[in-house]
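Q: I would like a close look at one part of this model, the helices and how they pack. Please work through their contacts and their buried faces, then add the backbone points worth checking.

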Amino acid sequence: MTGRHVLFVGGPGHEVPKARRLGLRYSMVQIPEREDADHRAGAENYAVLDYRQWEEILPVVRKWHAADPFDAVLSFTEYGLEPASRCAIDLGAAGDNLPAVLATRDKTRTRELLDRHGLSPVRHRVCADPAEAGAFMAGLGGGPIVLKPTAGGLSEGVYLVTEDSQIAERWTWTTRWTDGPVLAEEYLDGPEYSVESLSQGGKHEIVMVTEKLTTGAPGFVELGHQQPARLAPDVREAIDALVLRFLDLIGQRTGPVHTELRVTAAGPRLIEAQTRAGGDQIWELTELVTGVDVISETLTGLLGLPAPARTPRAQAAAIRFLAFEHTTVGEVHGLEDARRAPGLVRMASTLTPGRVLTDLASSDARQGYVICEGESTADAVAKAEAARDLVRLEPAAQRAV
């Protein structure tokens, strides 16, 4: 057998075509919800398992490795990050990033690390019950606070509490997403951004800063992103300095980190980070605007191969999500018009007649997106919002009989 062989532990799917374009062979462990017939057909080995239990996948990947060794093991989804690092260590393959993964997957560890080094101070408390959250809020003089799982993703279980009377209800909302304790943090007031970085052998590069649009309180589900962020030079410098210091502290080696923060009156404050590419197609916006393919460059970095050329395509890019709720879909109008909209790069939609849309409780509840490029950030945003607004729903109850 010839060609470098990589093992993907889970992943959203876009890593597979990138590996193919680099001429790599791949094997994959995937969860049932993301099983893909095309990915299976092209894989050297493919197993549908709950990779979050890394002890369960080790016997499988050891057998694969013995027959056809892996040159690297990696994951681009948060729940696969720790299993991938542990498998890399066990198999002796490239891809061990365990210290950085452990420092970021558990948000309490992130806060403890930052506290020890006096970086990005945010008052917080790990709470076992609503009473402890109430005591923390009282200690802040009455709030507001944010409740979140200690190791979550997709905006799941993250809720704002602005007054004591809301604690019991929002504690219940958060604990739908976790069996463990809940992290309570002081609410950070200010615009939200994400920082896309890429590290190679412990050397870090800030690739892009992304503006974020969310639903706001209480759940902060993301509705869109745009690049490049419109920042004053001193604010950008402060953001870069914070993130570069943070990457050193967590021991990030090779690969992307997606860091979320808010710019407060006291300066940038880190919310959380994951050692993966930015989701929500942020990785794609970054490729469009900078030419940096963080996924392919992670693969080439781990394998010692030449990195792909960086060729920007657009001055700016924006994504807006289809995010309807509280209705049953009757008919969907405007999809073809949206696909022909000015500046459109790509559109995806999962809207189908009969689908019941409930609360927009997490990113998984959204129903697709439009990506547009533009001559400026404002232009890209205007085009993306115009394309999104072409999609209209006719609720089932209003259809003609």
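A: What follows goes through the helix packing, then one strand residue, then the backbone.

The model is predicted. Two packed helices are described by the angle between their axes and the distance between the axes.

Start with α4 and α5. Helix α4 spans residues 78-91, and helix α5 spans residues 98-105. They pack at an angle of about 155 degrees, with their axes 9 Å apart. That makes α4 roughly antiparallel to α5, because an angle over 145 degrees counts as such. The crossing of the two is left-handed. On the α4 side, the contact is made by Glu-78, Tyr-79, Leu-81, Glu-82, Ser-85, Arg-86 and Ile-89. On the α5 side, the partners are Leu-98, Val-101, Leu-102 and Arg-105. By class, the residues of this contact divide into 6 nonpolar, 1 polar and 4 charged.

Helix α5 also packs on α6. Here the angle is about 100 degrees, and the axes are 4 Å apart. The two helices are therefore roughly perpendicular to each other. Leu-102, Ala-103, Thr-104 and Arg-105 of α5 meet Lys-107, Arg-109, Thr-110 and Leu-113 of α6. This contact divides into 3 nonpolar, 2 polar and 3 charged residues. Two residues of α5 turn up in both contacts: Leu-102 and Arg-105 meet α4 and also meet α6.

Now the buried faces. An α-helix has 3.6 residues a turn, so residues three or four places apart point the same way. Take α7, residues 130-139. Its buried residues are Ala-133, Gly-134, Phe-136 and Met-137. They cover an arc of only 160 degrees around the axis, which puts them on the same side of α7. On the other side, Ala-131, Ala-138 and Gly-139 are exposed. The cover over the buried residues of α7 includes β5, β6, β7, α8 and β8.

Helix α8, residues 167-175, has its own buried set. Ile-167, Arg-170, Trp-171, Trp-173 and Thr-174 are buried there. Viewed down the axis of α8, these residues fall within an arc of 160 degrees, so they line one face of the helix. That face packs against α7 and four strands: β5 (124-127), β6 (145-149), β7 (159-161) and β8 (182-186). So α7 and α8 cover each other's buried residues: α8 is part of the cover of α7, and α7 is part of what the buried residues of α8 pack against.

Which residues of α11 are buried? They are Val-294, Ile-295, Ser-296, Glu-297, Thr-298, Leu-299, Thr-300 and Leu-303. This helix runs over residues 294-303, and 8 of its 10 residues are buried, so α11 is largely enclosed by the rest of the structure. Strands and helices both cover it. Among the strands are β1 (5-9), β4 (72-74), β9 (192-200) and β12 (255-264). The helices include α1 (15-21) and α10 (282-290). Right after α11 comes Gly-304, with a positive phi near 70 degrees.

Strand β12, part of that cover, holds Arg-262. Is this arginine buried or exposed? Arg-262 is buried, because its relative accessible area is 10% and the cut-off is under 20%. Leaving aside neighbours within four places in sequence, Arg-262 is in contact with Tyr-187, Leu-188, Gly-190, Pro-191, Glu-192, Phe-220, Gly-267, Pro-268, Arg-269 and Ile-271. Its C-alpha atom is 9.5 Å from that of Ile-239, which is 23 residues away along the chain.

Last, the backbone. Two residues have a positive phi although they are not glycines: Ser-120, at about 50 degrees, and His-326, at about 60 degrees. Ser-120 sits in the loop between α6 (107-116) and β5. His-326 sits in the loop between β14 (316-321) and β15 (327-333). Their surroundings are unlike. Ser-120 is buried, with a relative accessible area of 5%, whereas His-326 is exposed, at 54%. A cis peptide bond joins Gln-227 and Pro-228, with omega about -5 degrees. Pro-228 belongs to the loop between β11 (222-227) and α9 (233-250).

Definitions and conventions
Residues are numbered from 1 along each chain as its sequence is written. This is a predicted model: local features need pLDDT of at least 70, side-chain atom pairs count only at pLDDT 80 or more; totals for chains, interfaces and linings use all residues. Side-chain values use heavy atoms; hydrogens and water are left out. Buried means under 20% relative accessible area, exposed over 50%, partly exposed in between (1.4 Å probe, protein chains only). The arc is that of the directions from the helix axis to the C-beta atoms. Contact means heavy atoms within 4.5 Å. Axes are lines fitted to C-alpha atoms, for helices over the stretch in contact, and angles run from 0 to 180 degrees between N-to-C directions. Angles under 35 degrees count as roughly parallel, over 145 as roughly antiparallel, 65 to 115 as roughly perpendicular and the rest as oblique. A crossing is left-handed if the near helix is turned anticlockwise from the far one by less than a right angle, and right-handed if clockwise. Ala, Val, Leu, Ile, Met, Phe, Trp, Tyr, Cys and Pro count as nonpolar, Asp, Glu, Lys and Arg as charged, and the others, Gly among them, as polar.
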